[in-house]
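User: I should like to learn how to read backbone, burial and pocket features in a structural model. Where should one begin?

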Amino acid sequence: MTVLIYGSYGFVGSLIAEEAIERGLDPILAGRDREKLREQVDDLEQPGRRFALEDPRIVAEALADVDCVLNCAGPFSNTADPLVQGCLESGADYVDITGEIPVIESIRGRDAEADDAGVTLLPSAALSTVPMDCLAAHLADRLPEATTLALGVDSFRVPSVGTVRTVIEGADDGGAIRRGGELEDVPTVWRTREIDFGRGARPAITMPMGDVSVAHYTTGIPNVEMYAVMPEPARTALKLHRVLAPILSASPVQLTLKLLAGIREGPSKRARERGSAYIWGEASTDGDETIVSRLRTPDPYVVTTDAAVTVTERVLAGDAADGFQTPAGAFGPEFVLDLEGVKGFFDESTPEASSPVNPLLR
Ligand SMILES: NC(=O)c1ccc[n+]([C@@H]2O[C@H](COP(=O)([O-])OP(=O)(O)OC[C@H]3O[C@@H](n4cnc5c(N)ncnc54)[C@H](OP(=O)(O)O)[C@@H]3O)[C@@H](O)[C@H]2O)c1
């Protein structure tokens with residue numbers, strides 16, 4: 001079985017490539033930059049394949065002998081479409097680590113084509129969305145009549161350059177929730193809640209993370225909100241973004257922000273070894289029944305690396321059906337517990353009130 005890791009020399013791509021090699025997947029390393037790829041190929045002593053994504057014929061040719069593509073090249077708004085198209089033409093399965101809602105929605109839109117082609121499309125094999133999706137599926141099993149799902153992550157840490165770039169790229173999109181089964185645009189920092197992630201209540205804000213898409217497709221629950229803990233300066237910056245959005249989305253400013261993002265390093269090995277994430281989920285019915293479950297995981301970049309490689313192994317083994325798949329939809333809620341160091345599920349039937357504290361600035 002042949003795996004090709006696209007964007008293998010990026011920050012997360014490198015972590016994933018090294019993990020894939022360690023697990024014996026013998027991946028082809030790939031990306032568009034000749035020098036960066038050559039350096040990595042020499043360093044890791046793996047085969048490499050250089051190709052850019054502009055020409056669909058070149059992409060399809062590059063994937064002709066590949067069984068599964070693992071796309072680590074973000075922002076995925078620029079890379080997912082051509083690689084998914086290449087996979088549909090060559091018959092390779094597709095896995096990525098996107099957390100971008102429009103990208104997930106676009107991949108889901110190709111479900112029927114993928115089914116016809118005998119191809120699995122499984123985006124978001126990362127911190128967002130594997131733990132939250134599995135937690136959502138677990139909550140739906142516990143409370144099958146649930147109509148509303150709130151999910152949250154407490155893991156704030158210095159992000160990698162690529163994550164900063166991806167957030168900047170999507171900065172003008174505002175927030176998003178799911179209501180009545182449909183995605184709904186809401187302002188940035190639409191709501192704030194005090195949430196007990198398992199270590200006391202902390203203020204969290206609504207975030208337009210991929211979980212808003214994925215958890216709905218896994219569970220069928222029509223109303224989904226996703227929260228993340230943010231320290232106060234970041235919350236204020238995001239609130240200000242509402243006012244500044246038209247300026248932020250202007251391309252010279254985006255360019256400057258991207259250049260600024262370019263001077264930051266990703267989290268160090270030591271920081272990754274010490275990091276952790278607390279995952280919270282709440283399901284409720286129209287009749288006011290509410291349940292809560294939690295998970296604790298290692299550092300977000302450790303979870304992302306483990307999730308991406310484990311999902312790829314399972315897809316290669318033929319464990320996922322053809323068509324668009326979500327992590328918990330493909331492998332069940334317990335899948336997250338297969339990842340190294342994940343603890344849970346911690347269930348509560350009558351949770352302490354964890355209510356909206358600040359119906360912010362509608
Ligand atoms: N869902 C989650 O929980 C989660 C977790 C972690 C990271 N991520 C996402 O993963 C992505 C990668 O993060 P990172 O820290 O590894 O970023 P990074 O270090 O900047 O690496 C990005 C990689 O993507 C490639 N790339 C970007 N645009 C491309 C394009 N148009 N065509 C071809 N290659 C392209 C880059 O290649 P060049 O150097 O040639 O440009 C590089 O190899 C980000 O979008 C981040 O948000 C998601």
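Analyst: A residue counts as exposed when its relative accessible area is over 50%, and as buried when that area is under 20%. The model shown here is predicted. Asp288 has a relative accessibility of 67%, so it counts as exposed. Asp288 is placed in the loop between strand 13 (276-284) and strand 14 (290-298).

User: What is the phi value of Asp288, and how should it be read?

Analyst: Most residues other than glycine have a negative phi. Asp288 has a positive value, near 80°. Glu45 also has a positive phi, near 55°. Glu45 belongs to the loop between helix 2 and strand 3, and its relative accessibility of 69% means that it counts as exposed.

User: Which peptide bonds are cis?

Analyst: Most peptide bonds are trans. Here, the bond from Gly74 to Pro75 is cis, with omega near 5°. Pro75 sits in the loop between strand 4 (68-71) and helix 4 (80-90). The bond joining Gly344 and Phe345 is also cis, with omega about -10°; Phe345 is part of strand 16 (residues 343-348).

User: Which residues of helix 2 are buried, and which are exposed?

Analyst: The same cut-offs apply to a helix: under 20% for buried and over 50% for exposed. In helix 2 (residues 34-44), the buried residues are Leu37, Gln40, Val41 and Leu44. Viewed down the helix axis, these buried residues fall within an arc of 100°, so they line one face of helix 2. Glu39, Asp42 and Asp43 are exposed on the other side. The cover over the buried residues includes helix 1, strand 2 (28-31) and strand 3 (48-50).

User: How is empty space found, and what is the volume of the largest cavity?

Analyst: Rolling a probe the size of a water molecule over the atoms reveals where empty space is left. The largest cavity has a volume of about 40 Å³. Its lining residues include Val186, Trp190 and Met207. By class, the lining has 7 nonpolar, 3 polar and no charged residues.

User: Where does the second largest pocket lie?

Analyst: Domain 1 (3-125 + 303-332) and domain 2 (130-301 + 338-358) both contribute residues to the lining of the second largest pocket, so this pocket lies between them. The second largest pocket holds about 440 Å³ of space. Of its 14 lining residues, the closest to the centre are Leu15, Glu19, Arg272, Val302 and Thr305. Helix 1 (11-22), helix 12 (269-274) and helix 13 (300-316) each supply at least two residues of that lining. The lining of the second largest pocket comprises 4 nonpolar, 1 polar and 9 charged residues.

Notes: Residues are numbered from 1 along each chain as its sequence is written. This is a predicted model: local features need pLDDT of at least 70, side-chain atom pairs count only at pLDDT 80 or more; totals for chains, interfaces and linings use all residues. Side-chain values use heavy atoms; hydrogens and water are left out. On a 1 Å grid over the protein atoms alone, a cavity is a set of points where a 1.4 Å probe fits but cannot get out, and a pocket is an open set with protein on both sides within 12 Å along at least five of seven lines; lining residues have an atom within 4 Å of a point. Grid points are joined across faces, edges and corners, and a volume is the space filled by probe spheres set on the points. Helices (H or I, at least four residues) and strands (E, at least two) are DSSP runs, numbered from the N terminus. Ala, Val, Leu, Ile, Met, Phe, Trp, Tyr, Cys and Pro count as nonpolar, Asp, Glu, Lys and Arg as charged, and the others, Gly among them, as polar. Domain bounds come from an automatic or database domain assignment. Buried means under 20% relative accessible area, exposed over 50%, partly exposed in between (1.4 Å probe, protein chains only). The arc is that of the directions from the helix axis to the C-beta atoms. Contact means heavy atoms within 4.5 Å.
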